[in-house]
Amino acid sequence: MRSGNPALKESTFLDLGSGAVVSRDAGAMTLNGTVNKTGILLLLAVLTAAFAWSQSVTVGADGLPAVAPGVMGYVLGGAIGGFILALATIFKKNWAPVTAPLYALVEGLFLGSISAMYELRFDGIVFQAVLLTFGTLFALLMAYRSGLIKATENFKLGVVAATGGIALVYLATIVLGLFNINIPLIHESGIVGIGFSLFVIVIAALNLVLDFDFIENGVEQGAPKYMEWYGAFGLMVTLVWLYLEFLRLLSKLNSR
């Protein structure tokens, strides 16, 4: 029951006091319920993303589309708000029926504005990233359901370790960026940078497999009903990560 997704971990379906598996006979978590709630979260994110996109694009003096003033407000507000709501959901799982939809709405503001900025620079990049993200989701779901990919213990350990390493690299990037220091190569459009993005995408995609397995275990163990929202939230966290990594990869390829 290990997942590289910080929102989905071994203690999620455990009672932290007794260590026993949390189980509910009535109103238990179901797979269909989790799928439906994932769809709701995606719809909410799309709605606010469309709004943020419309506010992020304006017409420049030359008559061509340009980034609208104040777009960074949507980027930073969505990113910070999404981070706060994600932490609240992780530490207060029973709040998920409220905080998960709020997270989707706020994260949509970030995704819509950042997507508009990428689209203005590289025409068609957003549509490509969306297709790749959902194509990866459905391909891995089919592979998981057919048994082609199995979330064994060693598989989980490897993905968790790789995810932790990537998180440390991104954290170092943020911290060093505050002092105007850039990590060379991996964030550039050269061969090393493209290779790094491909590696991150593979790890993000494999996290989907762990998330499928984790949700399935929760259903089998009869987790409480609110965990449907929590499971949908955790899956969306991975999808957002995967989408952003596809945007980064495509932008590097288009910059060459």
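Start with the salt bridges: this predicted model has five of them by the distance rule used here.

**Stop 1: Glu228 and Lys37.** Select these two and show their side chains. They meet in a salt bridge, with N to O at 2.8 Å. Now colour the helices: Glu228 sits in α7 and Lys37 in α1, so the pair ties together distant parts of the chain, 191 residues apart. Buried or exposed, these two? Both Glu228 and Lys37 are buried.

**Stop 2: Lys156 and Asp213.** Next, pick Lys156 and look for Asp213. The two form a salt bridge, and their closest N and O atoms are 3.2 Å apart. Here again distant parts of the chain are linked: Lys156 belongs to helix α5, Asp213 to helix α6, and their positions lie 57 residues apart in the numbering. Turn on a surface if you like; Lys156 is buried, and Asp213 is too.

**Stop 3: Glu245 and Arg248.** Go back to helix α7 and select this pair. Their salt bridge has its closest N and O atoms 3.5 Å apart. Why are they separated by about one helical turn? Because they are three residues apart in helix α7. Check the surface on each partner: Glu245 has a relative accessible area of 3%, so it counts as buried, while Arg248, at 23% relative accessibility, counts as partly exposed.

Before leaving the charged residues, add Lys225 to your selection from the first stop. Salt bridges with shared partners join Lys37, Lys225 and Glu228 into one network.

**Stop 4: the nonpolar core.** Hide the charged side chains and turn to the largest nonpolar core, which has 55 residues. Which members touch the most others? Select Leu41, Tyr103, Leu208, Phe212, Phe233 and Met236. Then step through the helices that supply at least two core residues each: α1 (31-56), α2 (71-91), α3 (96-121), α4 (125-146), α5 (153-177), α6 (191-220) and α7 (227-255). Helix α7 gives the most, with 16 residues.

**Stop 5: Met236.** Finish by zooming in on Met236, one of the core residues that touch the most other members. Ignore its neighbours within four places in sequence and see what remains in contact with Met236: Leu41, Leu42, Ala45, Tyr103 and Ala104. Two of these names, Leu41 and Tyr103, should be familiar from the selection at the previous stop.

Technical notes: Residues numbered from 1 in each chain as written. Predicted model: local features only at pLDDT ≥ 70, side-chain atom pairs only at ≥ 80, totals over all residues. Heavy atoms only, no water. Core = buried A, V, L, I, M, F, W, Y, C linked by side-chain atoms within 4.5 Å. Buried < 20%, exposed > 50% of the residue type's maximum accessible area, 1.4 Å probe, protein only. Helix = DSSP H or I, 4+ residues; strand = E, 2+ residues; numbered from the N terminus. Contact = heavy atoms within 4.5 Å. Salt bridge = Lys/Arg side-chain N within 4 Å of Asp/Glu carboxyl O.
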